[in-house]
Amino acid sequence: TGGWENAKKGVYRIKDTFTNFWFTFIYENLSDLHMMEPGNFYDKYIEPGLDSYLNRYFKTVCMEYMMLLNQVGKVPFEITKIGTWIGKNGSIDIIAQSTDRKNIIGICNWDEPFLTNKMVDDMIETMKLAKVSSEHFYLFSAKAFEIAVQERAKEDKRFELIDMNEL
């Protein structure tokens, strides 16, 4: 994509899910793990940060779902690359691209009660910063979609709504 002046230069993450969990929740609290009951340890150290932690993996599940749709020909064009764009002032959860640089943009909402119109509008603004365009938008929500988003999707066929039941 373009928009390099607005992109972060690098984002480093631990790829292995077990190792990432270990260093996120266990490593710095290891002495408490040996001294506390497991349920109490979970309540104090894991449960408060679990939703935020799972947000990253929800994005991965959404990408995998898009690749499955791609395999069975249920996307508007063949996807050959998929990833994210991380900017200085926002990010795009999913950019799926064809060989001729057509894009499908995805939003993944894990922790908010509703995927809102504001989230969609913010994503469109971020697309401008990233110099990315798209005629197709896949909106993923773990919980629900705001009524305005549902109406928008009915009126504008560029938007595809996908909830946990469909995933």
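Phe-25 is buried in this predicted model, because its relative accessibility of 4% falls under the 20% cut-off. Phe-21 is partly exposed. Its relative accessible area is 25%. Both residues belong to helix H1, which spans residues 17–26. They sit 4 residues apart, about one turn of the helix.

The rings of Phe-21 and Phe-25 form an aromatic pair. A pair of aromatic rings is described by the distance of the centres and the angle of the planes. For Phe-21 and Phe-25, the centres lie 4.9 Å apart and the planes meet at 50°. The pair is therefore tilted, since an angle from 30 to 60 degrees is neither stacked nor edge-to-face. A tilted arrangement is also found for Phe-23 and Tyr-27, with 5.2 Å between ring centres and 55° between planes. Phe-23 is partly exposed, at 43% relative accessibility. Phe-21 and Phe-25 also join Tyr-53 and Tyr-57 in one aromatic cluster. Across the whole structure, 9 aromatic pairs were found.

In soluble globular proteins, nonpolar side chains tend to be buried together. Here, the largest nonpolar core holds 18 residues. Those with the most contacts inside this core are Phe-58, Met-66, Ile-94, Ile-104, Tyr-138 and Phe-140. At least two core residues come from each of helix H3 (38–71), strand E2 (90–97), strand E3 (103–109) and strand E4 (136–141). Helix H3 gives the largest share, with 6 residues. A separate core of 17 residues lies apart from this one. Its members include Ile-95, Ile-105, Ile-107 and Phe-145.

Phe-140 has contacts with residues from several parts of the sequence. Leaving aside residues up to four places away, its partners include Phe-58, Cys-62, Tyr-65 and Met-66. Ile-94, Ile-107, Cys-108 and Asn-109 are also among them. Further partners include Leu-115, Phe-145, Ile-162 and Leu-167.

The protein chain contains 5 helices and 5 strands. Along the sequence, these elements follow the pattern α-α-α-β-β-β-α-β-α-β. The C-alpha atoms fill a box of roughly 55 × 35 × 30 Å along the principal axes. Of the 167 residues, 37% are buried. Among contacts with a separation of 6 or more, 58% join residues 24 or more positions apart.

The exposed surface of the protein chain is about 10,300 Å². Carbon and sulfur atoms supply 53% of this area. The chain carries 20 positive and 25 negative charges. The mean positions of the two sets are 8 Å apart.

Conventions. Residues are numbered from 1 along each chain as its sequence is written. This is a predicted model: local features need pLDDT of at least 70, side-chain atom pairs count only at pLDDT 80 or more; totals for chains, interfaces and linings use all residues. Side-chain values use heavy atoms; hydrogens and water are left out. A nonpolar core is a set of buried Ala, Val, Leu, Ile, Met, Phe, Trp, Tyr and Cys residues joined through side-chain atoms within 4.5 Å. Buried means under 20% relative accessible area, exposed over 50%, partly exposed in between (1.4 Å probe, protein chains only). Contact means heavy atoms within 4.5 Å. Rings of Phe, Tyr and Trp (its six-membered ring) pair if their centres lie within 6.5 Å; planes under 30 degrees apart count as stacked, over 60 as edge-to-face and the rest as tilted. Accessible areas come from the Shrake-Rupley method with a 1.4 Å probe; for residues, only the protein chains shown count as cover. Lys and Arg count as positive and Asp and Glu as negative; His and the chain ends are not counted. The place of a charge is taken as NZ of Lys, CZ of Arg, CG of Asp or CD of Glu.
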